[in-house]
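Q: Could you take me through one part of this structure slowly, as you would for someone in a first year of study?

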Amino acid sequence: MAHAARLDELAQSLVTAVTGRTPENATFKALKHHTLRGLKDQSHARINQFAVKARLEGLTEKLEILGRDDLAEALQSRLEELPTDLRWMPEVLALLLDLSDRPAEKTALPDVVNLNKSASPDVQLTWQEIIAQDPLDEADIWDDVEAAYHSSGDELGSGPDDDDTQPTISTTATSVGSDDSGALARLHLTQPDSECLANVQAGRDIWQAQRPSQKGRPLSELQLVRETLTMLRGYPTDLFIVAAATGRVTLPSRIRMASTSNDATIDVLLRCTKLGSSLNFLRSWTKSVQPAMHIRTMQAATNDLLGALSSKLGEIEQRFITSKIATVVSIVDVVVLAESAARALAQLASIIQVFSLSDGRTSQLSLLDSLYDQACSAQMSEDLLLFEVLATVFLDGLRTYLRSIATWIMTGTLLTSAQGIPLVKDANARCELAELWHNRYVMNVTRDGSPFAPRCVHFAAKQIFSLGKARSFLRCLDQTVGDGLETFDLRNLMPPFGGIIPELRSGSLKSFSQRLDTSLQSWLESISTDCTPLLRFKLWNEHGLRQMMLAIPYVFFSKDGTAFETFADTMVERVTNNEQQEPWSDQFLLSEVAQTAFSNVAQVNDQCIQVRIADELAASSKGSFVRRLAAFKLEYTFAWPLQNITRCRTSLPHSRAFAFLLQVYLASSLLGKSFLDLRSVPRSSNFIPLRQRLINFTDILSSYVTTASHGIHESAQQHLEAALDIDGMVDVWTNYSKSLENSLLLSARLEPVRDAITGMLELSELLAKTTNPDSIAVLQDQFEKSLSFLIAGIRGVSRAGGDSALETLAERLEWSGVWVENRGGLAQLNL
């Protein structure tokens, strides 16, 4: 009962906290009952404690395999310390496992060890706390102690000559503890001359008192120099007015000089205000928040240059403070020196102002490009001071920008923490493995097609992209490649730009762009290890590229005549047999027949063979036998690494070539079946000559298809072996497929020629069904017309494409006596 009452009380509190309703509300009771039912419900599934234990053991074993034995031991020891009687421990451990993210890479053992330690060290008692409890402000506490009659001096001496009554040495020096660094430092402070401070303060008081004057105040040139140098160093002054929001420096409305012309002085001061505004903008920009890391580095470099300028201005001011010789105070001289020292920074400010106003995708890179162009111009015009400033800021920013490029080249991964616009982007992290090479990573380009990178990196952009993509693809093929590269120190791998500026300053004849290109190229060569040879080796020997190239002629081009005839005879029988109950286009049955036919070929993996019927209408019984086979499609499935080269799961040109061979074989088989019927045919009939012409035609086609396809395939295999990278292999395979389509007349633009060949093959089917002289005469006339068109078409394609094999085919068709106008001569030739 106590438990039920407690649960009821908690349910009421929960309903009130979530909904804000009180027991007086009409719906409160229903909400409370609903909450109690939910709390009492125990029907939810519990976590499998054995599965959690197995996952923990697997994690421990993984840490040991990855070389993190220390972390594995720490995990195991803490698992043993967990209480065994806690009911929800499996759920807690399962939650922690789900929340974990690459513990082997991201976990530092010292952080784990220090979890149970106190965040702050033990507080020790200090002199400040002692003095706060017992202040040392009592009177006479630091007075010298004199011996009294009740002191121990009576025991030490009895004469008036004793030194007990002499004052003791001051305890000022010994009262400071060695640990009190602040008090010890105060003992060594040099107090400034109060008279000098009083004079300075009096001058400022007079200045402030005269400031509201409407008539203007007379200024000495020394005051003007001090105010100008103070303003240029970024400190507040009494003369110049600085806008808090923009840092723009202006002059008051009235200024009156004590010893020089006002107009000349105003002109000089306006130059100072312009220079001061530029320097204030730089100071404000260095404090702004920038998303890109290379921009932050350039901010730090600019801040260092501002510090160096402040030191130079301090040296100018030092002449008037501690001058050992007579110094002429001249505001014009000071401004000239200040402008000479700050001129480069003023030019830098103008460049950064343009960058600050830009917006869009290229804004993060426009500053690098602008500094690069201006640095090259400054070097060509021999303005070394401006060149050094611009080149320093540019090279510091470029060095940081190249960190992401170094990571991409060495590991094939992109920095997730990199801000700005990277050269490479992950276009589709969930792309299919078959499209990994082409669709996963792409190069960022502008509208005009140039890389999204600093202009100085454009010459190596494709090389950078290819090296990283090859590394990434190789890691997908073999997970063990590149182990340990994630822990390299980027600081030791950045390009050494430190020698560029001193070399060019010393009078080198090289331009800044040439020297930078040389440095970048040598840096790329030092950090990049071309993994393309290893990638090609793995594709050829471990992922089936060599096996695929060996199998293709056997599967598609009838290199093994026995295997081809075994499958082709089965196909001819199924297509021509009208008494079979099941349709001939049963894909599962045909796939099994094909696998059985090629199972004895050692170079072929029969499990990769599959048969599909592309067009059910073409495969129907309404069309001719030859037309039905046009819908036949034999597939040889490629592995996913090879699909990145072929860009397809199986090759359509190869499948169409095989269907073409089947059509030719079908026509030849139908003509061979009618051989025994020749005895009953009269000698004067045209049946025998036409049959012989069709046999010659099918033999020429069969010989041409097998010979041409084998020649094209062998050439493609040689070019694949010689290809330097995967892109080269892709180009070779693309040209290979196009050559097959053109040479075997399989291209869509050659459809009229293919229709003529199909029509002539259908004549074989019609001739096998008839012996009627009139029908034979019609078939012979149709054959001659089709053959005339076919030879002309083949020659036209050969001349247009420069394919000598097609020209040879046309000559063979004409030379073999197939195209003969004189029927008598043809009959004599066939005899």
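A: In this predicted model, a good place to begin is G802, the residue that follows helix α32 and has a positive phi, near 70 degrees. Helix α32 itself has 29 residues and reaches 41 Å from its first C-alpha to its last, which is close to the 42 Å expected at 1.5 Å a residue. At the start of α32, a side-chain oxygen of N772 reaches to within 3.2 Å of the backbone nitrogen of D774.

A comparable arrangement is described for the next helix, α33, where D803 caps the N-terminal end with a side-chain oxygen that lies 3.0 Å from the backbone nitrogen of A805. Helix α33 runs through residues 804–815, and its twelve residues reach 16 Å from first C-alpha to last, close to the 16 Å expected at 1.5 Å a residue. Within α33, the residues L806, L809, A810 and L813 are buried. These four cover an arc of only 95 degrees around the axis, and therefore they lie on the same side of α33. On the other side of the helix, S804 and W815 are exposed. As for what lies against the buried residues of α33, the cover includes α29 (687–722), α30 (726–743) and α32 (773–801), so that α32, with G802 after it, appears here again as one of the covering helices.

Helix α30, another part of that cover, also holds a pair of rings that deserves a careful look. W733 and Y736 both lie in α30, three residues apart, which is about one turn of the helix. W733 is buried, with a relative accessible area of 3%, and Y736 also counts as buried, at 2% relative accessibility; the cut-off for buried is under 20%, which is why both values qualify.

Aromatic pairs are found elsewhere in the chain too, and the count comes to 15. One of them is formed by W437 and F473, and it is edge-to-face, with 5.6 Å from centre to centre and 85 degrees between the planes. W437 lies in helix α18 (residues 436–440) and F473 in helix α19 (residues 461–477), so this pair ties together parts that are 36 residues apart in sequence. Both W437 and F473 are buried. The pair of W733 and Y736 is likewise edge-to-face, at 5.2 Å centre to centre and with 80 degrees between the planes.

W437 has a further partner, since K469 lies over the face of its ring, at 4.2 Å from the ring centre. In another place, the charged end of K769 sits over the ring of F625, 5.1 Å from the centre of that ring. Ring pairs also link F564, F567, F632, F658 and Y665 into a cluster.

To set these details within the whole, the chain has 34 helices and eight strands, and 40% of its 831 residues count as buried. Among the contacts in the chain with a separation of 6 or more, 68% are made by residues 24 or more positions apart.

Methods
Residues numbered from 1 in each chain as written. Heavy atoms only, no water. Helix = DSSP H or I, 4+ residues; strand = E, 2+ residues; numbered from the N terminus. Expected span 1.5 Å × (residues − 1). Buried < 20%, exposed > 50% of the residue type's maximum accessible area, 1.4 Å probe, protein only. Arc of directions from axis to C-beta. Contact = heavy atoms within 4.5 Å. Polar contact = N/O pair within 3.5 Å; in protein donor to acceptor, adjacent residues only side chain to side chain. Phe/Tyr/Trp six-rings, centres within 6.5 Å; stacked < 30°, edge-to-face > 60°. Lys NZ or Arg CZ within 6 Å of the ring centre and 35° of its normal.
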